[in-house]
Amino acid sequence: MKPLKSLFITITRPRFIITLIILTLLAALIGVMVPQLSDRSPSYFERWKMKSPITFYIVNTLQLDGVYTSVWFLILVFIILLSLGYSIYLQILRSFKRKQFIPPAEDGWDSIDTLYTVEPDSLIRFMGKKGYVLKNKNDALLIFSKNSFSRWGAAIFHSGLFLLIVAAVIGLAFQKRGFVQLMEGDVFSGRHDDFLVRELGVFQRHFDTGFKTYLSRFRQEYWDTDQIKAISSSLVLIDDNGNTHEHTLSVNRLVRYNGINIYQSFNYGYTLSFVLKMPDGREIITHFMLDRPDKKTKPFAGTSDFPETPYIFNMKFYPDISMNSFYLGRPILNLRVLKGVGRMVFDGLIIPGDVVNVDGNLLRFFNISSWSGFIYVKGIDMSAAYLGFFISCLGATIMFLLPHKEVFISQKGPVLSLYGRTNRYKPLFLYELERIKMGIKGIC
Amino acid sequence: MLEISTFTYQVILHWIAVGFYVISSAFFAYSISFQKEKALKPAMIMALLGLIPHAIAIIIRWDIAGHGPYMTKYEVLSADAWITVLLFTVAAWKIPKIRPAGVIVMALSFLMMAFGLFTNPEIRRLPPSLKGMWLIIHVTFNKIAAGSIIIALGTSVLYLLKESRQEREFYRKLPPLDVLDAYSYKFVGFSFIFWTITIAAGAIWANEVWGRYWGWDPIETWSLITWLLYGVYLHLRNFFKWHGRRAAWLMVVCFVFSVLTIFIIPFVMESLHSEYFR
């Protein structure tokens, strides 16, 4: 029991708390300074490993490239929770004790010579106008208080933080999140393996949506400044029994189905579909998903392998031959096909329906459609996080905007003595006390 | 044709506001440099007068653009400057003792505005993600937080100036050192509240758009770093009685981090937030 108590005393020591905050700050700094596994492609880290193996080894061993999922960060969060929890307990105890309005010691009182006795009722009225509430009254002493609830400010603020961190940790531990890219007319099976990217909490192993998603139509709209005005997708969700449910998904307007939230991603573009007919008659169909450029004068571009062949396709696609539109009009594709590294086997402009000879094979550009990314999230209810945010904001407001003030007024004959104390901004409170003193002189 | 002239009109009004703020800053600087207390009054009047064309310019632009002042450097800096000047004039009206802090507040405000005006004033449209109530809460509270940080910087700098030049008559007229220190603390507390609300509103908004509260986006993370730094400031004051000079210098460091987060990081790091500051 004793070691446990000393542990809690240690983790709530001011120096320890400051150290925890600084360590969290440093962890966040590392998170933005060192490239993180979740932000970059695996090839980026491969290149880094090749270029500077020692630096990469150190960073990787210390888990600096995955700060927020690293063991040391989780330990830090655990210690913060312990420290925060015990601090809240101590703050609550302290707040209860402060309720007792213990009169101050003899020294430090400011005296006002009133020449005659001031009626307590006049003092109570006067202090009432200043926002002070009478908390205690006896023959010799009046105790006034303002914002007395402010003594709870720190406990409220830290409780909100505690709740927020707990909710975030639980949410992260149990979250299921997946990303898919779907072209118009295509169906996503909803199976774990068919997600392009998955983010699963430590207690999750599998993410099946339990329904299929069919993208019937994707719409994109732009402002005249080339910025996106609106994007939306018409989805058909198909359950295990084959029942269909139509939904329209757009940014800020998610679809909830079967306990899963589907969000519209900002990743989208055009899909170019090709069929390559080999001399032996075999046909390979492939779809290339090209990302949207930031300007309509730029092409939808991409470079990718053509599966099962030695060819690399380098594509610059303009939805309209004017080369000045995001919308599909009279499309044109600047296609370069490389065989292996550097040997060009085709370079030319083609339009849908064209059949061209590529290194003895027949390549047909047979379709253009839109594609879009979708985010699937199955998380636990995060109302606790909302509540945590709200409580923290409330606590901070109480703490810093409404400091707790107490004024003690004692009368012995014609001499009235005044004493005040506050938990924040003491030099400013002294001015207020001075004004109270002047005001009392005025009512004498 | 009408839109072009209205557009030009708001640019001219912005420049008129800059003019008032420059004159205000000059009066504040004169007041501090030559210890002339009388110069504080015209400085405050100029700041107040500047707020009027500035507000009209923001409203006109809001009307033309069809959205609030939260896209492009031009709009963001202008709105930040307006809120800073408004907060300062209200605070200085209620607490005349902090008026000399205007030398920092007004100078930073007109510099922000002028920098914004020299960038491309072209109107950018809102992307679909930047719509909704949480955006308004997120942006508004961030601007208030930025304004109070600038005022806290002003009182901290005054503290440092007074501390090193106490023998001069003018500085003796400034509020006592402990009062300046308390005002810095109060404005830091104020900005801490609004920074907290900014982060909270941003997280809730992110959850509605992307299905996650926190994605460790560079600006999200820098915002957290700045918030933690203010946490360090407040804890050091509370636990270790870091008052006066040390607290004033720490406030300057906090200010540098805030500027990094709000104005520098969107330029240098690819972020979901970069859209608002292009």
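Visitor: How many residues of domain 1 of chain B are in contact with domain 2 of chain B?

Guide: The model is predicted. To read a contact between two parts, count the residues on each side. Here 11 residues of domain 1 of chain B are in contact with 16 residues of domain 2 of chain B.

Visitor: Which helix gives the most to the domain 1 side?

Guide: That is helix 4 of chain B, residues 102–118, with 3 residues. By kind, the domain 1 side that touches domain 2 of chain B has 7 nonpolar, 3 polar and 1 charged.

Visitor: Where do the two domains of chain B run in the sequence?

Guide: The domain assignment gives domain 1 as 1–72 + 99–116 and domain 2 as 127–278. Between the C-alpha centres of these two domains of chain B there are 22 Å.

Visitor: And how should I read the contact between chains?

Guide: The size of an interface is often given as the accessible area lost when the parts come together. Here we count residues instead: 39 residues of chain A are in contact with 40 residues of chain B. Several elements of chain A each supply at least two residues to the side that touches chain B, among them strand 8 (228–238), strand 18 (361–378) and helix 9 (426–443). Helix 2 of chain A gives the most, with 11 residues. The chain A side divides into 29 nonpolar, 8 polar and 2 charged residues.

Visitor: Is helix 4 of chain A hardly covered or buried?

Guide: Helix 4 of chain A, residues 53–61, is hardly covered: of its 9 residues, the count of buried ones is 0. Gln63(A) follows this helix, and its phi is positive, near 60°.

Technical notes:
Residues numbered from 1 in each chain as written. Chains lettered and ligands numbered in written order. Predicted model: local features only at pLDDT ≥ 70, side-chain atom pairs only at ≥ 80, totals over all residues. Contact = placed C-beta atoms within 7 Å. Helix = DSSP H or I, 4+ residues; strand = E, 2+ residues; numbered from the N terminus. Nonpolar A, V, L, I, M, F, W, Y, C, P; charged D, E, K, R; others polar. Domains from an automatic or database assignment. Buried ≥ 20, exposed ≤ 12 C-beta atoms within 10 Å, placed from the backbone.
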